[in-house]
Amino acid sequence: MDVFVTWLRATPASEWINSSTWIWPLCESLHFMGLSLLVGITGFFDLRLMGFFKRVSIGAVRDLMPFALVGFAVNAITGLVFLTGLPEQYANNPVWWYKVGFLMLAGLNALVYETRLSAKVLALEPGADPPTAVRLVGLVSLVSWFAVLYCGRMLAFIGDAF
Ligand code: HEM
């Protein structure tokens, strides 16, 4: 890991990110907009899976998902810019690794939903109570995205890398 971090920090991309006065604030702003899009839409979808807002059809909420994916892509790209800029600060911070863990949990949970539950859920009538497994997937998703958000915000405050 240390070898990789040292190599990444010496790349021209890392030098460029650190020498620029605008790239870091631009990426911070985009990261914030991306997470708002992602958490706003997935959060609504998760609450719907948990049985809230039953008058709204799940299919209609799911139609918003491409916008959530755009938010995720923006965050992945800008997050990689941060990592490339200061890899040693994040690699040595346990909160960063918690963030990665919760990102993986959220991804795995979405995979379980897509492969095992999505078809059944979309067939539910508006107003019907979602099965327990569906409510659980919604809860895990909500908690894990908020944990990603919390760990991201806490990067500067917890751990001794800063
Ligand atoms: C998908 C890959 C992602 C990567 C590689 C990534 C990486 C990072 C990094 C390295 C930082 C630190 C920036 C700094 O020091 O100022 C950061 C900040 C942050 N991230 Fe992410 N992130 C990702 C996705 C997300 C997602 C999905 C969320 C929310 C659900 C999120 C929420 C945050 C927050 C709230 C901050 C703090 C921003 C601030 O203090 O202004 N990140 N991210």
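What share of the contacts in the protein chain with a separation of 6 or more is accounted for by residues 24 or more positions apart? In this predicted model, the share is 85%. The protein chain contains 8 helices and 0 strands, and its pattern, read along the sequence, is α-α-α-α-α-α-α-α. Taken along the principal axes, the box filled by the C-alpha atoms of the protein chain is roughly 55 × 25 × 25 Å. Of the 162 residues in the protein chain, 24% are buried.

The packing of helix H3 (23-49) and helix H5 (65-85) was examined next. The axes of H3 and H5 come within 7 Å of each other and cross at roughly 150 degrees. The crossing in which H3 passes H5 is left-handed. By class, 17 nonpolar and 8 polar residues make up the contact of H3 with H5, and no charged residues take part.

H3 and H5 also belong to the surroundings of the ligand: along with helix H8 (132-154), each supplies at least two residues of the shell. H5 provides the largest share of this shell, with 6 residues. There are 19 residues around the ligand, of which Leu-35, Asn-75, Gly-79, Phe-82 and Gly-152 come nearest. When the residues of the shell are divided by class, 13 are nonpolar, 4 are polar and 2 are charged.

Two loop residues on either side of helix H4 (58-62) were also characterised. Phe-53 is placed in the loop between H3 and H4. Although Phe-53 is not a glycine, its phi is positive, at about 50 degrees. Phe-53 counts as partly exposed because 13 C-beta neighbours lie inside 10 Å, whereas a residue would need 20 or more to be buried and 12 or fewer to be exposed. Leu-64 is found in the loop between H4 and H5. With 14 other C-beta atoms within 10 Å, Leu-64 is therefore likewise partly exposed. Along the chain, Leu-64 and Pro-130 are 66 residues apart, and a distance of 19 Å separates their C-alpha atoms.

Key. Residues numbered from 1 in each chain as written. Predicted model: local features only at pLDDT ≥ 70, side-chain atom pairs only at ≥ 80, totals over all residues. Near = placed C-beta within 6 Å. Helix = DSSP H or I, 4+ residues; strand = E, 2+ residues; numbered from the N terminus. Nonpolar A, V, L, I, M, F, W, Y, C, P; charged D, E, K, R; others polar. Axes fitted to C-alpha atoms, helices over the stretch in contact; angles between N-to-C directions. Left-handed = near helix turned anticlockwise from the far one by under 90°. Contact = placed C-beta atoms within 7 Å.
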